[in-house]
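Let's take a walk through this structure together, looking at rings, strands, charged pairs and a few backbone angles. Have the sequence and the viewer at hand.

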Amino acid sequence: MNRMLFMLLLLFAFPLGAQEIWMHPNRGQWDQEIVYSLDLQQGKMYVDSSGFTFSLNDAMSHKHEQEELAHSIHCQVLKFNFAGSQWKGEKSEKSPSSHYRNYYLGSDSTKWRSNLHSYENVTLNDFYPGVDMILDGSEAKFKYSFVLRPQSDPDQISWNVSGANSIELKDGKILVHTDFGDIIEEVPVAWNVNLKGEKIPVVVEYELVEGNLQYTFPEGYDSSLELVIDPYLVFSTFSGSTMDNWGMTATPDPQGNLYGGGIVFNMAGSYPTTTGAFDVTFNGGNNYTYTFGTSTYNMSGFDAAITKFNAAGTALLFSTYLGGSGNEAPHSLVTDENSNLFVMGVTGSSDYPTVAGCFDISFNGGPVIAENELGYNGADLFVTRFN
């Protein structure tokens, strides 16, 4: 059966390498208006019954200098509202993650949720009458597509943006101006796909009609064939960690400051380190494969990362990488009465940083191992003290 496919691509302009973008489902742990949550570098994106909401803030851009302690967090909320949507909540989810999340939010245990997997592909059925919306994050970018059944009207697909500083059409693009930079919908391209799978170019443009954005086809198109529309939505100035990173352990010190320890994967980008810290660069790490059920995943290497927050949680006091050319993970953090920090964990690096005169400064090897989704080319325990 022929169908008309409208495809819009939403590209997050922070480098992710081959990392997937996951949609985290709402199973009752959040407000009922939220359907899915996506992690941004400077906030969150929420999918709801009528479109997308972006909750942006500058929390990750705070510095650790003393004068920044009183700095307030600036927020901005934008709503991309698809006017006229009549979605009733029917959806299908595909490509679940191997990892899962647990949510223990508030004191009402009936709203706690465990073992919730995320998804790379979701279809919102009948987002408009006769129109499905497909959400896809499998190619290190987020795209949403509209699939129109025959005789469905593309004019019913329109959207407006609220909460922005201003919006303009310029050089065929949509520019959404925010306090955090511009969100740009690039010039769209479109084509029909005939029964042989050949692409037939179609002229498509944005049009602003009474505050609503929609598509117009100056030269028409063949409504009996599949139609694909590809604009890109680019976020220009997000900041923070551009790496996938997992928290592992935490501890306070006698002054109430908080230490967090975790791992940072070897992707394009950087973890937010502080000037003068022990190690402000990623040290490498060995790639490995991990098998879950009948699926095998290619994983990147990782370093340990240790971050110290002040007691109010408003500033980084220090943040550092820790590791050698192999993979490391911290398992436990402990402080003493003098606020020295002890980090216990596992390393697969023959060049893990050691200090002369310690009990054992050489890597003792071991077999290749992958447990709990983490892989090592041999594994030794390490104990490291920070002043």
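Rings of Phe, Tyr and Trp (its six-membered ring) are taken as a pair if their centres lie within 6.5 Å; planes under 30 degrees apart count as stacked, over 60 as edge-to-face and the rest as tilted. With that rule, a search of the whole structure gives 24 aromatic pairs. A cluster joined by ring pairs holds F52, F82, F127, Y128, Y144, F146, W159, Y206 and Y215.

Before going further, please keep in mind that this is a predicted model, in which local features need pLDDT of at least 70 and side-chain atom pairs count only at pLDDT 80 or more, while totals for chains, interfaces and linings use all residues. Residues are numbered from 1 along each chain as its sequence is written, and side-chain values use heavy atoms, with hydrogens and water left out.

**Salt bridges**

A salt bridge here is a side-chain nitrogen of Lys or Arg within 4 Å of a carboxyl oxygen of Asp or Glu. The count by this rule is 7 salt bridges. Three of them are set out below, with the N to O distance for each.

| Acidic residue | Basic residue | N to O distance |
|---|---|---|
| D39 | K44 | 2.3 Å |
| D39 | R101 | 2.9 Å |
| D126 | R149 | 2.3 Å |

Which residues does D39 join in a network? Salt bridges link D39, K44 and R101. To place these residues, note that strands (E, at least two residues) and helices (H or I, at least four) are DSSP runs, numbered from the N terminus. The side chains of R101 and D39 meet in a salt bridge. R101 lies in strand β7 (residues 91–103) and D39 in strand β3 (residues 34–40), so this pair ties together parts that are 62 residues apart in sequence.

How open are these side chains to the outside? Residues are called buried under 20% relative accessible area, exposed over 50%, and partly exposed in between (1.4 Å probe, protein chains only). D39 is partly exposed at 32% relative accessibility, K44 is partly exposed at 28%, and R101 is partly exposed at 29%.

The salt bridge between D126 and R149 makes another link along the chain. D126 lies in strand β8 (residues 113–128) and R149 in the loop between β10 (142–148) and β11 (159–162), so the pair ties together parts that are 23 residues apart in sequence. D126 is partly exposed, at 33% relative accessibility, and R149 is partly exposed as well, with a relative accessible area of 31%.

**Two open sheets**

Two strands pair if DSSP finds at least two bridges between them. One open sheet has 3 strands in the order β16-β15-β19, with antiparallel pairing. Why does each edge strand have a side without a neighbour? β16 (199–202) and β19 (226–230) each have a single partner strand, so one side of each is left without a neighbour in the sheet. The twist averages 30° from one strand to the next, with axes being lines fitted to C-alpha atoms (for helices over the stretch in contact) and angles running from 0 to 180 degrees between N-to-C directions. Within this sheet, strand β15 (residues 189–193) pairs with β16 over 4 bridges in the antiparallel sense, and W191 stands opposite P201 in β16.

Another open sheet of 3 strands runs in the order β27-β28-β31, again with antiparallel pairing. Its edges are β27 (328–335) and β31 (380–386), each with a single partner strand, so one side of each has no neighbour in the sheet. Neighbouring strands of this sheet are turned by 20° against each other on average, direction ignored. β27 and strand β28 (residues 341–347) pair in the antiparallel sense over 7 bridges, and the bridge partner of T335 in β28 is L341.

**A hairpin and some positive phi values**

Strands β29 (residues 368–371) and β30 (residues 374–377) pair in the antiparallel sense over 4 bridges. E371 has L374 in β30 as its bridge partner. This hairpin has 2 residues between the strands, and N372 takes a positive phi near 55°.

Most residues other than glycine have a negative phi. S95 is not a glycine, yet its phi is positive, at about 55°. S95 lies in strand β7 and is partly exposed at 37% relative accessibility. N115 likewise has a positive phi, near 60°; N115 lies in strand β8 and is partly exposed at 44% relative accessibility.
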